[in-house]
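User: Please take a close look at one buried polar residue and its surroundings. Then place it alongside other parts of the model.

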Amino acid sequence: MSTLRDVISAHTDLTSNSAAHLQRLVAEWQLLADLSFADFLLWGAVKEHPGRYVCLAQVRPTTGPTAYEEDQVGRILEGEDAQHLNVAFTEGRIFREGDPVWRGDVAARHEAIPVRRRDRREVIAVAARDTNLSDTRSPSHLELNYLKTADYLVQMLTDGGFPPPLLPGEPTTAPRIGDGLVRIGSDGLVRYASPNALSAYRRMGVTGHLRDRDLAELTRSLPSNSDVGADAARRIADALAGGTPRRKEIESKGATVLMRALPLRPGGKAAGALVLVRDITEVRRLDRELVTKDATIREIHHRVKNNLQTVAALLRLQARRVGSPQARQSLEESVRRVSSIALVHETLSQSGDESVGFDQIVDRVASMAVEVSVAESKVTLRREGTFGVLPSEYATPLVMVVNELIQNAVEHAYPPGQDGEVVIGVERAGDHLRVTVSDHGKGLPAGFRIADSTRLGLQIVHTLVTGELRGTIDMRPRAEGGTEAVVDFALQ
């Protein structure tokens, strides 16, 4: 069973609201594991088996050694092994007593923390904080502050104050503990700032240390857009008041920092706030470069489209001035070829990437072919199947191939004045495409081979399919009469 919801529904009687609360917890609890330097395991009571518990989820710390090399999800505990879980479930209190538990050569301290929802007082699950005791040394100032903050959040976990409410569209991946942490007291003054947090604020223009300074006012006075600084300060104040504000990006002196503020209210009493910061200056610089690059590429496609349309207009003007019908027809064919390529660049100029939805291009090419053929014959075109999205390096040669095959069928399959139909069939299986252009017309001459054809359009088709598309093309009679051209190729 791959998801938390699957494990919950298979082993427990938890309601959908309780399951949703646990899912929010699992989305946020990397914060708890990193602050605690410990593994967190989420345990649920097995339905119809009192005293038996199943591990619903597990997270390992990125700040210290794990207590478990193997995955614990799905593991069942009962009896003596589940004593700490029993206490947390039945008495509704945090279990911290007991001797270290050995698993192989690793000793671990087990704590069991009852998990409650904000709106309910009964225990819905237990979060076990299991700390690997192999790394025994005096904790640093940073570690002591991490552990103190972790204890606040653990108490909020059992009070129902953690995890924070889910905000629509809010990411849960950043910032993390290692990115930068500031703990402020209920008076708004900084009690501790990690080295990475101090570096982030210094990049934004703050000099000196952060300790004992009012973080909200300090953020408000950053040399940045005044509205941005004021908004960030309001969010810190909101967290101090017990709210859960959205993350905020702050830009100052060329640096960009992502900030997240969380209230610290163990037992419902204000204890300050936790502010996480992450320097994302380089990320935003790369984002701006990509946006600029994408805009430049779209502008290039737009200009190429305009140039091709200019070429088509010049060819069209030239065709009107040519006295030879054969020369006029050749120029008009060139106009259609150039226009079909312009359609690809027009679509790319409106797209955010180098791929195009090919169906609309083919439909427009088919529409142009019908408009040209109306005076000579009554031919309709129909598409069966879908091309989907194609990379631009395939779209350009393919639109020319389809254009030539449609034009060939419209002009040569049916005598002038006769009703007819041309069908564009598409079969796509993964990266393999088969495109068929078929008609019910008079068919091919005896012994016809496309490779030997002297028609320019068919020579273009053969060259593009075998060269640019690295595929195959076959023009053959249909069993029920008429002709079909079949193009097979794969997207490499």
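Analyst: Leaving aside residues up to four places away in sequence, Gln58 touches Trp29, Asp39, Phe40, Leu41, Tyr68, Glu70, Asp71, Gln72 and Val73. The model is predicted. Gln58 sits in strand 2, residues 52-59. Is Gln58 buried or exposed? Its relative accessible area is 15%, so Gln58 is buried, the cut-off being under 20%. Where does its side chain reach? It comes to 2.8 Å from the backbone nitrogen of Gln72. Gln72 is also one of the residues that Gln58 touches.

Lys248 can be read in the same way. This residue belongs to strand 9, residues 248-252. Its relative accessibility is 16%, so Lys248 counts as buried too. The side chain of Lys248 makes a polar contact with the side chain of Asp231, at 3.1 Å. Beyond the residues up to four places away in sequence, Lys248 touches Val228, Asp231, Ala232, Arg235, Val257, Leu258 and Met259. Leu258 lies 10 residues from Lys248 along the chain, and their C-alpha atoms are separated by 5.7 Å.

Now the sheet. Its 5 strands form an open sheet in the order 13-15-16-18-17, with mixed pairing. Strand 13 (378-384) and strand 17 (472-477) are at the edges; each has a single partner strand, so one side of each has no neighbour in the sheet. On average, neighbouring strands of this sheet are turned by 15 degrees against each other, direction ignored. Strand 17 pairs with strand 18 (residues 483-490) in the antiparallel sense, over 6 bridges. Within that strand 18, Glu484 is the bridge partner of Arg476.

Two helices meet these strands. Helix 13 (residues 456-468) packs on the sheet and touches strand 17 and strand 18. The direction of helix 13 makes about 140 degrees with that of strand 17. Helix 12 (residues 392-412) lies across strand 13, strand 15 (419-429), strand 16 (432-439), strand 17 and strand 18. Helix 12 runs at about 175 degrees to strand 18.

Last, the empty space. How many cavities of 30 Å³ or more does the structure hold? It holds 1. The volume of the largest cavity is about 30 Å³. Its lining is made by Arg118, Met156, Gly161, Phe162, Pro164, Thr244, Leu262 and Pro263.

Terms used
Residues are numbered from 1 along each chain as its sequence is written. This is a predicted model: local features need pLDDT of at least 70, side-chain atom pairs count only at pLDDT 80 or more; totals for chains, interfaces and linings use all residues. Side-chain values use heavy atoms; hydrogens and water are left out. Helices (H or I, at least four residues) and strands (E, at least two) are DSSP runs, numbered from the N terminus. Buried means under 20% relative accessible area, exposed over 50%, partly exposed in between (1.4 Å probe, protein chains only). A polar contact is a pair of N or O atoms within 3.5 Å; within protein, one must be able to donate a hydrogen and the other to accept it, and residues adjacent in sequence count only if both atoms are side-chain atoms. Contact means heavy atoms within 4.5 Å. Two strands pair if DSSP finds at least two bridges between them. Axes are lines fitted to C-alpha atoms, for helices over the stretch in contact, and angles run from 0 to 180 degrees between N-to-C directions. On a 1 Å grid over the protein atoms alone, a cavity is a set of points where a 1.4 Å probe fits but cannot get out, and a pocket is an open set with protein on both sides within 12 Å along at least five of seven lines; lining residues have an atom within 4 Å of a point. Grid points are joined across faces, edges and corners, and a volume is the space filled by probe spheres set on the points.
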